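Dear colleague,

I am passing on the structure we spoke about, and I would be glad if you could look through it alongside the notes below.

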Amino acid sequence: IGTSGKGLTRFSPKKNEWHTYQTDNKKGLRSNRIMSLLSDNDGDIWIGTQEGGLHIMDSNENIIAYPSLKNLENVTVWCLQNNTDDNKWVGTRESGLFLVNKKKGILRSFQKNDDGDGLPSNNIRAIAQEAGQFVWVGTQDDGNGLCALDIVNEQFYNYTVKEGLANDVVYATLPDEQNNLWLSSNRGITKFYVPEKLDSTPKIVNYTNYDGLATEFNTGAYFK
């Protein structure tokens, strides 16, 4: 269980025991604000923190900060997403999007550029990957909404309120069984029908307070 200021807590149902890891108990955490968690096939837990970078807890409950990943050392890691068994997507608040291998380190990184043909924002709030070559990225800053990354061709496609999104702050990107994406935002929930060609205009349906929802969603406000 990741907390906002109280570190990381593990609960054992069999023993009915709780154990908390914090910066002051010498367990290796650099921050007590846990923003994201992801388990891998080795039983290790990837931990994204606020302003403390990326950590991994192994099966012996040792927490290791990534000393070799200088670009991720003191950043805020909003989100983590599986790519393969060994590789994970890492979304940060200020440094863009990274593909990280547990043993090899950073494999690829994507940041906003001045040419306007790259990642539209360095503030990555959500990541989802379909089977295949596309990664979907929810952004927060600069009115950049939802972004699709074609991994093979390293090409980006951007969708904002101009294309019909309810809001350009996207907190979650959840795929469903029909290959649609569900987005939570500052103005309700959006159902995004993924177009066959990413450079075409998608079909979008928005659900707001007029449909009985809360108007504003926020960090962690999603579930599948």
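What follows is a short account of the cores, the strands around them and one patch on the surface.

Please keep in mind that this is a predicted model. The largest nonpolar core has 15 residues, and W89, L97 and L149 are those with the most contacts inside it. At least two residues of this core come from each of β7 (77–82), β9 (97–101), β11 (124–129), β12 (134–139) and β13 (146–150). Not counting residues up to four places away in sequence, L97 touches a set of residues that includes W89, V90, F110, L119, I124, I127, V137 and L149. There is also a second, separate core of 13 residues, with W136, A148, V170 and L183 among them.

Turning to the strands, β12 is mostly covered, with five of its six residues buried. β12 pairs with β11 in the antiparallel sense over five bridges, and W136 in β12 is the bridge partner of A128. β12 also pairs with β13, again in the antiparallel sense and over five bridges, where D150 in β13 is the bridge partner of F134. The hairpin of β12 and β13 has six residues between the strands, and in this hairpin D142 takes a positive phi near 65 degrees.

On the surface, I1, F11 and W18 make a nonpolar patch of about 350 Å². F11 lies in strand β1 (residues 8–12), and F11 counts as partly exposed because its relative accessibility is 34%, which falls between the 20% limit for buried and the 50% limit for exposed.

With best regards

How values were computed. Residues are numbered from 1 along each chain as its sequence is written. This is a predicted model: local features need pLDDT of at least 70, side-chain atom pairs count only at pLDDT 80 or more; totals for chains, interfaces and linings use all residues. Side-chain values use heavy atoms; hydrogens and water are left out. A nonpolar core is a set of buried Ala, Val, Leu, Ile, Met, Phe, Trp, Tyr and Cys residues joined through side-chain atoms within 4.5 Å. Buried means under 20% relative accessible area, exposed over 50%, partly exposed in between (1.4 Å probe, protein chains only). Helices (H or I, at least four residues) and strands (E, at least two) are DSSP runs, numbered from the N terminus. Contact means heavy atoms within 4.5 Å. Patches are made of residues with over 30% relative accessible area and no salt bridge: like charges are joined within 9 Å, nonpolar side chains (Val, Leu, Ile, Met, Phe, Trp, Tyr) within 5 Å. Accessible areas come from the Shrake-Rupley method with a 1.4 Å probe; for residues, only the protein chains shown count as cover. A salt bridge is a side-chain nitrogen of Lys or Arg within 4 Å of a carboxyl oxygen of Asp or Glu. Two strands pair if DSSP finds at least two bridges between them.
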